[in-house]
Amino acid sequence: MADDISELRRILKTCRTLAIVGLSAEWHRPSFFAAKYMQEHGYRVVPVNPRYETILGERCWPSLEAIPHPVDLVDVFRRTEDVLPIAQQAVAIGARCLWQQIGVKNLEADALVRAAGLESVMDRCVKIEHARLFGGLHWAGVNTKVISARRPV
């Protein structure tokens, strides 16, 4: 499981197309807030939720397998028990990383994707990690655990 600063930074630098499974169109939901932040920071957000037609100006897909273009990272905003089938789909579509959001930690899905050669992140938020590792949280006085006199590029 990718868990150190350099691995997380590399994943967020190289994975630019994010399929967000369970993305809600409701502005006050954490998934919407995270997706909007990532979109505003240059990432392509691909919503995956059969309940909606579009979210954040992007077409919404009913499943990962329905997406007609490559996806780098699958970000999961679902319950822990719902992750395994999503992990199987992530492997099937050739994603490079499965990212389980804060509070989501399916060890079976983690083992499955790592065995298939994907990277795996569990129990972390892409928005928080991006802000922490690429400059954003330090202005608010948050200890980012990143010690450097240089701002990362």
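## A partly exposed loop residue and the fold around it

At 22% relative accessibility, Leu-56 counts as partly exposed, because buried means under 20% relative accessible area and exposed over 50%. The model is predicted. Leu-56 sits in the loop between β3 (54–55) and β4 (58–59). Its phi is positive, about 55°, although Leu-56 is not a glycine. Most residues other than glycine have a negative phi.

Asp-123 is another non-glycine residue with a positive phi, here about 60°. The loop between β7 (119–121) and α5 holds Asp-123. With a relative accessible area of 36%, Asp-123 is partly exposed. Gly-94, just after α3, also takes a positive phi, of about 80°.

### The chain as a whole

The chain has 153 residues, and 46% of them count as buried. Its secondary structure comes to five helices and seven strands. Along the sequence they follow the pattern α-β-α-β-β-β-β-α-β-α-β-α. Among contacts with a separation of 6 or more, 56% join residues 24 or more positions apart.

One pair shows such a separation in sequence. Ile-5 and Glu-129 are 124 residues apart in sequence, yet their C-alpha atoms are 9.1 Å apart in space. Ile-5 belongs to helix α1. It is partly exposed, with a relative accessible area of 26%.

### Two nonpolar cores

The largest nonpolar core has 24 residues. Which of them touch the most other members? They are Ile-11, Met-38, Leu-73 and Trp-99. Five elements each supply at least two residues of this core: α1 (5–14), β1 (17–21), α2 (30–40), β6 (97–100) and α5 (126–133). Helix α2 gives the most, with four residues.

Another core lies apart from the largest one. This other core has 21 residues, including Val-76, Ala-95, Val-104 and Ala-109.

### Helix α3

Helix α3 (83–93) has buried residues of its own. They are Val-83, Leu-84, Ile-86, Ala-87, Gln-89 and Ala-90. What covers them includes β1, β5 (73–76), β6 and α4 (107–115).

### Salt bridges

Side chains of opposite charge can pair when their charged atoms come close. In this model the count comes to nine salt bridges. Three of them are listed here, with the distance between the closest N and O atoms.

| Residue | Partner | Closest N and O atoms |
|---|---|---|
| Glu-81 | Arg-79 | 3.2 Å |
| Glu-129 | Arg-124 | 3.0 Å |
| Arg-132 | Glu-129 | 2.8 Å |

Are Glu-81 and Arg-79 buried or exposed? Both are exposed. These two residues also belong to a network of salt bridges that links Arg-78, Arg-79, Glu-81 and Asp-82.

The setting around Glu-129 is another matter. Glu-129 and Arg-124 are both buried. Glu-129 has a relative accessible area of 5%, so it counts as buried. Glu-129 also forms a salt bridge with Arg-132. Arg-132 is at 14% relative accessibility and therefore counts as buried. Arg-132 and Glu-129 both lie in helix α5. They are three residues apart, about one turn of the helix.

### The largest pocket

The largest pocket has a volume of about 300 Å³. How many residues line the largest pocket? There are 19 in the lining, and Val-21, Gly-22, Asn-49, Phe-77 and Arg-78 lie nearest the centre of the pocket. Two elements, α2 and α3, give two or more residues to the lining. By class, the lining has nine nonpolar, six polar and four charged residues.

Some parts appear in more than one place. Arg-78 lies among the residues nearest the pocket's centre and is also part of the salt-bridge network. Helix α2 gives four residues to the largest core and two or more to the pocket lining. Strand β1 supplies at least two residues of the largest core and is among the elements that cover the buried residues of α3.

Key. Residues numbered from 1 in each chain as written. Predicted model: local features only at pLDDT ≥ 70, side-chain atom pairs only at ≥ 80, totals over all residues. Heavy atoms only, no water. Core = buried A, V, L, I, M, F, W, Y, C linked by side-chain atoms within 4.5 Å. Buried < 20%, exposed > 50% of the residue type's maximum accessible area, 1.4 Å probe, protein only. Salt bridge = Lys/Arg side-chain N within 4 Å of Asp/Glu carboxyl O. 1 Å grid on protein atoms, 1.4 Å probe; cavity = no way out; pocket = protein on both sides within 12 Å on 5 of 7 lines; lining within 4 Å. Points joined across faces, edges and corners; volume = space filled by probe spheres on them. Nonpolar A, V, L, I, M, F, W, Y, C, P; charged D, E, K, R; others polar. Contact = heavy atoms within 4.5 Å.
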